[in-house]
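Look at the sequence and the structure together. The paragraphs below go through one sheet, the helices that lie on it, and a patch on the surface.

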Amino acid sequence: MGISKAVFVLSPLLLQLLLIHISSTHGQGERVRVNIGVVLGLESKVGKASKTSIKMALHDFYEHHSNYTTSLSLFWRDSELHVAQAGKRALELIQNMNVQAIIGPQLSTEAEFLANMGSKTKVPIVSFSATSPLLPSTQTPYFIRATLNDSTQAKPLASLFQAYNWRQAVAIYEDTEYGASFIPYLTDALQEIGSRIEHRTALPTSASDELIRTELHALMETQTRVFVVHMTSSMASRLFQNARQLNMMSKDYAWIITDGLAVLLNSMNSTVIASMEGLIGVKAHIPESEALSDLSRRWRSQFKMEYPNETQTVDMNIYALRAYDAAWGLALAVEKCGQFRRPLPTKTTVKSSDFTMPNSSKAGPSLLKAIMDTKFLGVSGDIHFVKGELQASDFQIVNIAGKEVIDIGYWSQETGLSRRKNSGKEKYTATQSDLRPVIWPGRTLAVPRGWVVAPNRKKLRIGIPVNGPFQEFIKNTWNPKKNMTEVQGFCRDVFEAVIDELPYAFPYEFVPFQKADGSSAGTYNDLVYQVYLKNFDAVVGDVTIRANRTNYVDFTLPYTDSGVAMVVPVKKNDLRNNAWVFLKPLTWRLWATSGFFVVLTGFVVWVLEHRRNDDFRGSKWGQIGVVFWFAFSTMVFSHKETVVSNLGRFVVIIWLFVALILNSSYTASLTSILTVQQLQPTVKDIDTLVKNGNYVGCQPRSFVAGLLQRSNFDPTKLRYYNTLDEYAEALNNGEISAYFDEIPYLKLFLSRYCDQFTMVGPIYKTAGLGFVFPKGSPLVSDISKAILNVTEGDQMVRITTFWFGKSYWFGNDSNCQDLSDIPRSKGLSFDSFKGLFIISGTASMSALLIFFITFLSKLFKKERTSPARGLWQRLISIGRHFYEEENALRRRVQRNRDRENPGEGGARNHAKGSTNVKEGESVNHNNFKDDILLLLLMLGILNSCCTQRNNTSPHPNPNPISPEHSIEI
């Protein structure tokens with residue numbers, strides 16, 4: 001009983017001591033082993049190199065972290081590079097070996113299957129070689145890509161096109177998910193810089209050499225000479241060997257390889273490298289370091305020990321480096337996960353072909369989070385994941401010169417291309433100078449243009465229209481002696497002049513677009529569409545650049561005028577026999593304004609002068625006559641009245657300047673009307689034709705008919721003719737009221753009939769005539785530049801004059817004028833002289849204002865001593881003072897002063913003065929009565945102000961002056 005009680009008391013202590021012993025024993029050398037599966041093509045070059053790297057990574061990891069409590073136990077399975085085999089091996093590892101993660105698989109097609117399996121079982125799948133962009137990390141969260149996504153190299157590739165000014169390329173790729181999934185990203189990147197994929201060639205993985213040569217022969221027939229190759233190394237080696245045999249690794253060719261192939265160049269044999277001489281490649285940049293150099297040295301030794309039968313020297317490639325970092329990162333994540341503190345049970349191996357999905361891993365979510373949070377500096381660069389993707393790094397541009405792979409530059413997201421890794425550039429650039437010189441195919445330093453005019457020295461087939469309405473533009477005739485079609489015309493000569501401007505040979509032949517009987521094979525739209533169908537390489541002729549046609553072909557810059565106009569008959573409007581032609585130079589509004597200002601100026605001068613100038617005084621009708629006489633006589637500078645006041649002189653000087661301008665303009669306009677024949681179109685706008693329902697003409701195969709119908713023309717009102725003479729005859733006899741066509745044709749028409757018709761418009765805007773080439777053709781840019789050189793020089797004038805005559809260039813022929821340039825005077829308008837009238841009116845009103853301010857200020861100063869009077873009496877008094885002569889009023893004031901003096905002389909003077917005042921009043925009262933009424937409105941306002949001031953005075957004047965005693969001012 002005592003013993004058992006003692007045992008019961010000591011048992012907890014013994015248990016604790018046992019746990020301490022076990023823990024100390026485990027900490028001294030035993031780790032928790034975590035099962036990890038590896039699914040690779042173990043017999044492939046990448047599989048062998050990766051296996052060596054993974055084993056070395058774990059050895060180095062635990063050698064540097066001896067205190068870690070976990071250890072990875074690897075279970076190797078061969079996928080045989082087959083999707084089904086890879087899936088079977090992975091399922092076997094999860095079901096039977098209880099693996100917590102899988103490294104692999106090797107191919108993108110295998111990775112897609114295993115990624116879905118990992119998401120179902122919550123087992124992380126870590127691939128270091130599956131680069132396909134179609135592997136969605138969002139839909140398969142347990143798939144971790146420990147390598148770069150292929151889409152990240154699209155922009156570096158596009159920068160090469162930008163640097164070497166390539167506008168199109170051919171994509172050659174293997175017909176697998178790995179090959180096809182990258183092409184859309186490359187297409188988008190090229191479109192951003194204005195380039196494009198002209199053609200795609202997909203080669204099956206089982207393609208024979210014969211099939212490869214067939215596809216290469218087809219590519220030789222195209223104009224494009226830039227090829228982007230995206231495939232595995234085994235197929236690429238066969239592709240380039242066949243290309244070399246077909247002389248496609250020669251001058252004028254440019255070959256670019258992607259990262260998946262460029263990283264393996266150092267692993268290929270010398271024969272394959274020799275067949276790839278001159279190409280350039282893009283690969284992920286691996287920074288050099290001492291750790292990398294030491295690892296590479298040890299790796300080569302280890303690889304030779306494991307694979308002694310490998311005779312070729314193998315270097316540690318990017319896949320081996322990625323495998324090393326993937327194993328290192330997984331070991332680090334397992335240790336930091338915290339889910340593996342005790343050994344996990346290993347399931348019994350059961351051979352089964354059952355593909356039933358096993359249960360989910362309990363440690364999977366924690367291990368996945370630990371992998372995502374893992375960050376370290378690996379031998380291949382910085383390792384950290386964002387949404388299951390390894391973040392992109394810089395890229396390296398390489399070139400094969402001889403049998404060596406040399407660096408020619410680098411690419412980064414921030415600075416673009418540069419010769420050195422840390423170039424110090426501040427902005428993104430991609431130019432040829434940003435890279436070192438390249439040895440191109442054919443061992444030349446000359447940068448390939450990227451395309452050729454005539455592949456295999458074949459002549460380009462140039463389509464031309466036949467039986468066009470205007471033979472001066474393009475026409476063709478069959479020469480039985482030479483057994484060939486001879487082409488002549490304006491368009492043909494311009495095309496040949498443009499071709500002569502090109503810096504390279506341009507072999508071509510003209511092919512008429514006609515049926516067996518020689519008639520036209522279709523409309524101009526049909527002719528243009530033949531280029532899209534590749535029946536013609538280009539089209540030369542009077543083809544208009546239209547928006548709907550640019551959907552399937554490209555046009556060069558136009559080489560003629562643009563627009564659609566109409567030609568109508570002219571009517572002669574001869575005004576020389578018109579009795580009222582002298583009124584035509586000025587519009588009615590300008591006539592009225594001029595007359596008003598004539599009267600206004602005369603009245604203002606009379607107001608300023610009549611009180612002191614005898615020339616402006618007299619009877620009522622005499623003074624009215626003076627106002628009109630003086631104003632109108634100044635128009636011809638024949639006035640005899642003198643102006644004595646400064647204000648009057650100021651007004652007259654301004655008015656004489658206005659009169660001078662009006663006289664000169666009137667004379668010039670009248671001279672033009674009397675000497676130049678006035679030609680007017682019978683129709684001035686298209687709306688008149690539509691409203692009146694007139695018949696109009698246009699070409700039968702032209703797009704102009706469609707334009708007219710969209711402008712509400714009745715199709716039954718359209719008439720078609722074949723020659724210029726027919727159009728002229730139809731216009732003259734009234735069959736049609738207008739002839740619609742493109743401006744180049746109308747100018748040709750007017751060069752013959754310019755004395756009978758005139759052009760109105762343009763009514764519609766078009767781009768002009770241009771040459772047609774296939775969509776994306778590199779020739780368009782060079783041809784357009786050559787067109788500018790031709791049209792800006794004298795050569796275009798000579799060609800035009802030869803085919804259309806000097807009258808085509810309006811003004812070069814005295815017998816034919818551009819009717820649009822003939823002056824058609826509608827009279828000078830008021831707007832042209834508005835400024836002059838404003839100046840004259842301002843001067844007159846300013847002078848009146850100054851005069852009346854001076855006049856009224858003196859008057860109010862004298863009336864301060866006057867008794868209060870009514871409005872009418874005040875107006876009469878002001879009018880009397882305004883109308884009377886200024887000197888007479890001064891004498892009156894002197895007599896009034898004499899009357900106030902005592903004595904006989906004063907009395908006599910007083911009597912005489914009173915008599916004079918009464919006589920003056922009786923004489924002048926009737927003369928100024930009418931003028932007083934004209935001033936009532938203006939003076940009434942001033943009188944109200946005076947009345948208000950007098951009524952508010954506290955001391956009225958004790959000595960009022962009688963009404964007959966006027967006040968002098």
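In this predicted model, strand E9, residues 254–257, runs parallel to strand E10, and two bridges join the pair. You can find the contact points residue by residue: Ile256 stands opposite Ile280 of E10, and Ile257 stands opposite Gly281 of E10.

Strand E10 also pairs with strand E15, which covers residues 395–401. Here the two strands run antiparallel, and five bridges connect them. One residue to look for is Val282, whose bridge partner in E15 is Ile397.

How buried is strand E10, residues 280–284? Five of its five residues are buried, so the strand is largely enclosed by the rest of the structure. A residue is called buried when its relative accessible area is under 20%. In a regular strand, side chains alternate between the two faces of the sheet. In E10, Ile280, Val282 and Ala284 lie on one side, while Gly281 and Lys283 lie on the other. Both faces are covered, since all of these residues are buried.

Now step back to the whole sheet. It is an open sheet of eight strands, and their order is E7-E6-E8-E9-E10-E15-E16-E17. The pairing is mixed. At the edges are strand E7 (196–203) and strand E17 (416–418), each of which pairs on one side only. From one strand to the next, the twist averages 25°.

Helices lie against this sheet. Helix H8, made of residues 209–220, packs on it and touches strand E6 (168–174), E7, strand E8 (226–230) and E9. The direction of H8 makes about 165° with that of E7. Helix H9, residues 233–245, lies across E6, E7, E8 and E9. Relative to E9, helix H9 runs at about 175°.

The last stop is on the surface. Which residues make the nonpolar surface patch of about 510 Å²? They are Val599, Trp621, Ile624, Phe628 and Phe632. Helix H18, residues 620–635, gives the largest share of the patch, with four residues. Phe632 is found in this helix. Is Phe632 buried, partly exposed or exposed? Its relative accessibility is 44%. The partly exposed class lies between the buried limit, under 20%, and the exposed limit, over 50%, so at 44% Phe632 counts as partly exposed.

Terms used: Residues numbered from 1 in each chain as written. Predicted model: local features only at pLDDT ≥ 70, side-chain atom pairs only at ≥ 80, totals over all residues. Heavy atoms only, no water. Buried < 20%, exposed > 50% of the residue type's maximum accessible area, 1.4 Å probe, protein only. Pairing = 2+ DSSP bridges. Axes fitted to C-alpha atoms, helices over the stretch in contact; angles between N-to-C directions. Contact = heavy atoms within 4.5 Å. Patch = residues over 30% accessible without salt bridge, like charges linked within 9 Å, V, L, I, M, F, W, Y side chains within 5 Å. Areas by Shrake-Rupley, 256 points an atom, 1.4 Å probe, with all protein chains shown as cover. Salt bridge = Lys/Arg side-chain N within 4 Å of Asp/Glu carboxyl O.
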